[in-house]
Amino acid sequence: MTERRPCPPAPGPLEAYAAQFDPLFGTLAQRRNFREYLQGLLLPRDRNKTLTALAGAEPVVAAQAGAVQRLQFFLSESPWDAEAVNACRLALLLGDPATLPHADGVLVIDDTGDRKAGTHTAHVARQWLGSVGKVDNGIVAVSSLWADERVYYPLHVRPYTPGSRLPKGKKDPAFRTKPQLAVELVEAALAAGVAFRAVVADCAYGENVTFEAGLWQAGLPYVLSVKPSKGTWAMAGQAHTPEDAARQLRWRGPAHPGDWTPVKRRFRDGHTDTWYAADLTFSGYGPERLVRLVVATTDPATLPAISTWYLTTNLPRPGSPRAADSPSAPADLAEVVRLYGLRNWVEQGYRQVKQELGWADFMVRSDRAIRRHWQLVCCAFCFCWRAWFAEEARSAGPAEPATQAEASACVNSAVPAGPPAGRGENGRRSTRRNGVPRRLASNTPPSARLAGSLDLPLALVASVVNCTPTSRDPSPPPRRRDRPSAPPLPPGLTKYR
């Protein structure tokens, strides 16, 4: 065999990361386009990250430019395997001690939808889109994510094809419901060797019999949410919903919690909140039964909808008869609340891949091209973690490991765009490290490393991956007086409390 022709290198550590995927690409053009695509996703842009934006071309008049058409061919026609790229990405994550999954993390299952016009793009139809909160024309993806208090990243993703897009509708052999796709994602995570404490999902999956049965059949522990109005038949005077059962618990205040147990929740920015949790006896649920029903809230007196969870779990209660025979370790109320609290990282991940990395900005129609775009976005997402931990290792040294708060904030800061995150799981970005303000374009690499007309983009990427994470200048210019600042959102409108 002849020796491979060398590929033009990507800037900084991005080249070392991209080089590990080279065996999956058979031609020099594929290796070069892979680097250019990742570079385009990581660069800050003032417009959506379509193919023209990734190539740095005009959005309309330069759509037929050579650089744009090369990326178009790479995404739609070039013969490479997106699943093999994803397997390589997961192998890198599982081989790095900083991102290695462990048995205290969770496997989060969720779906996300994005608006898309027309009907010629694969999987696009009128369906429920969680991002807009209504039925609209768009595309939905079911995804899995691994998370603990320190790091989180996507594992696998599957597009959901509505029955209206198939020849025989929902009776078509190729039709899969979202819960069926979710079960396949759990199986894929197990096949990849991902360890986790429990499978976690919201009420869209928690109240689905197919999904719960799939977890039972596989013998997997889970913590799933159910709606407070999930009703059941009961005699008059008894609880008919989980909310009714929770309101029957005794509560006389924080000093005398009665049937409630105080639970401390520690957030990424270091602050703690006191929640209250209790096991409910309702319908077929109970602390000694196969499935428990746990309620967790910030205020047992009022049970506010925005900060009250109703959770079902097959993890046994410590000291119960099931604890001795269960294959899973017992979980007290604090552990159940902790596990479900990690589900919020999937919402944070959506915010980052959509607002920063262009998850929904693709302008291709085929199923293969869409899947490839999503996998490349996941590669860019995980590169940000790799760059973050590499910088932490250099700055902290072997005797001073990075804090969990700093590690959890890396994707917010490693990709420059978007406003600072808020309090809670989203946290706050620090403006200084070791007393030095952080800025976007500091320490640009020497011009000898940059060639051609891409000097500025390459310098920006290198500054992102070579420097400490970005943040706002600690002394920004004052706002114009004729443009008053927007009032902060009330805590009730966020999902991170």
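Tyrosine 350 touches Asp110, Asp111, Thr112, Ser143 and Gln355, leaving out residues up to four places away in sequence. The model is predicted. This briefing covers tyrosine 350, the cavities of the structure and lysine 178. Asp111 is a contact of tyrosine 350, and Asp111 is also in contact with lysine 178.

**Tyrosine 350**
- Tyrosine 350 sits in helix H12.
- Its relative accessible area is 12%, under the 20% limit for burial, so tyrosine 350 counts as buried.
- Serine 131 lies 219 residues from tyrosine 350 in sequence, yet their C-alpha atoms are 9.7 Å apart in space.

**Largest cavity**
- Searching the whole structure gives 4 cavities of 30 Å³ or more.
- The largest cavity has a volume of about 150 Å³.
- Its lining is made of 14 residues, and those closest to the centre are Ser143, Pro154, Tyr350, Val353 and Trp359.
- Ser143 and Tyr350 are both among these closest residues, and tyrosine 350 touches Ser143.
- Two or more lining residues come from each of strand S3 (134–147), strand S4 (152–160), helix H12 (344–355) and helix H13 (367–396).
- H12 gives the most to this lining, with 4 residues.
- The lining of the largest cavity holds 10 nonpolar and 4 polar residues, and no charged ones.

**Second largest cavity**
- The volume of the second largest cavity is about 90 Å³.
- Its lining consists of Tyr17, Arg89, Leu92, Leu93, Asp96, Thr99, Cys382, Phe383, Trp385, Arg386 and Phe389.
- Helix H5 (82–95) and H13 each supply at least two of the lining residues.
- H13 has the largest share of this lining, at 5 residues.
- By class, the lining of the second largest cavity has 7 nonpolar, 1 polar and 3 charged residues.
- H13 therefore appears in both linings: it gives two or more residues to that of the largest cavity, and at least two to that of the second largest, where helices are DSSP runs.

**Lysine 178**
- Lysine 178 is placed in helix H6, which spans residues 178–191.
- Lysine 178 is buried and has no salt bridge.
- The nearest side chain of opposite charge is that of aspartate 111, 4.4 Å away; a salt bridge has to fall within 4 Å, so this pair does not count as one.
- Neighbours within four places in sequence aside, lysine 178 is in contact with Asp111, Trp128, Val140, Val142, Tyr160 and Tyr205.

Technical notes. Residues are numbered from 1 along each chain as its sequence is written. This is a predicted model: local features need pLDDT of at least 70, side-chain atom pairs count only at pLDDT 80 or more; totals for chains, interfaces and linings use all residues. Side-chain values use heavy atoms; hydrogens and water are left out. Buried means under 20% relative accessible area, exposed over 50%, partly exposed in between (1.4 Å probe, protein chains only). Lys and Arg count as positive and Asp and Glu as negative; His and the chain ends are not counted. Contact means heavy atoms within 4.5 Å. On a 1 Å grid over the protein atoms alone, a cavity is a set of points where a 1.4 Å probe fits but cannot get out, and a pocket is an open set with protein on both sides within 12 Å along at least five of seven lines; lining residues have an atom within 4 Å of a point. Grid points are joined across faces, edges and corners, and a volume is the space filled by probe spheres set on the points. Ala, Val, Leu, Ile, Met, Phe, Trp, Tyr, Cys and Pro count as nonpolar, Asp, Glu, Lys and Arg as charged, and the others, Gly among them, as polar.
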